[in-house]
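Student: I am new to this structure and would love a close look at one part of it. Could you walk me through the salt bridges and then show me what lies in the core beside them?

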Amino acid sequence: MAEKLTPEARAAALRALDGWTEDTERDAISKTFWFTSFDAAFGFMTRVAIKAETMVHHPEWSNVYSRVDVTLTTHSTGGLTELDVELARFMDATALATGHTSMD
């Protein structure tokens, strides 16, 4: 089972992740991804879904047209773990390859 990140590890992870914010009420991290089209957003979600399934670690997310809102937390530990950080890194890399824009 994954272990919750220490406060120091959490701070270091957030510094290394681009655009992710901490949700202290849920012990989670969140980010909104914007894409050039619905097709690009859905392609991103498909690639992430395949990775998440191999990790047995699934995001909370929603999609409206070209926007994908993501929250990551490890439900089995009740908070943020290295699994969340690994999936966030994968999402960032995948977003760049599938038409991510910097719109907020």
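**Salt bridges and the core**

Tutor: Let's start with one residue, Glu60, which is partly exposed, with a relative accessible area of 28%. Please keep in mind that this is a predicted model. Glu60 forms a salt bridge with Arg26, and their closest N and O atoms are 2.7 Å apart. This pair links distant parts of the chain: Glu60 is in strand β3 (residues 60-64), while Arg26 is in the loop between β1 and β2 (28-35), 34 residues apart. Arg26 is also partly exposed, at 37% relative accessibility.

Now turn to Lys31, whose salt-bridge partner is Asp92, with the closest N and O atoms 2.8 Å apart. Because Lys31 lies in strand β2 and Asp92 in helix α3 (residues 82-97), the pair ties together parts that are 61 residues apart in sequence. Are these two buried or exposed? Both Lys31 and Asp92 are buried.

A third pair is Glu22 with Arg10, where the closest N and O atoms are 3.5 Å apart. Here the link runs between strand β1 (residues 21-23), which holds Glu22, and helix α1 (residues 7-16), which holds Arg10, 12 residues apart. The two partners have their own surroundings: Glu22 counts as partly exposed at 37% relative accessibility, whereas Arg10 is buried, with a relative accessible area of 13%. That bridge also belongs to a network of salt bridges linking Lys4, Arg10, Glu22 and Asp27. How many salt bridges does a search of the whole structure find? The search finds 8.

Let's move on to the nonpolar side of the picture. The largest nonpolar core has 23 residues, and those with the most contacts inside it are Trp20, Phe33, Phe44 and Met91. Several elements contribute: α1, β2, α2 (38-55), β4 (67-72) and α3 each supply at least two residues of this core. The largest share comes from α2, with 6 residues.

To see how such a core residue is surrounded, find Met91 in your view. Leaving aside residues up to four places away in sequence, Met91 touches Trp20, Phe33, Phe44, Val48, Pro59, Trp61, Val70 and Leu72. Three of those names should be familiar, since Trp20, Phe33 and Phe44 are listed along with Met91 as having the most contacts inside the core.

Terms used. Residues numbered from 1 in each chain as written. Predicted model: local features only at pLDDT ≥ 70, side-chain atom pairs only at ≥ 80, totals over all residues. Heavy atoms only, no water. Salt bridge = Lys/Arg side-chain N within 4 Å of Asp/Glu carboxyl O. Helix = DSSP H or I, 4+ residues; strand = E, 2+ residues; numbered from the N terminus. Buried < 20%, exposed > 50% of the residue type's maximum accessible area, 1.4 Å probe, protein only. Core = buried A, V, L, I, M, F, W, Y, C linked by side-chain atoms within 4.5 Å. Contact = heavy atoms within 4.5 Å.
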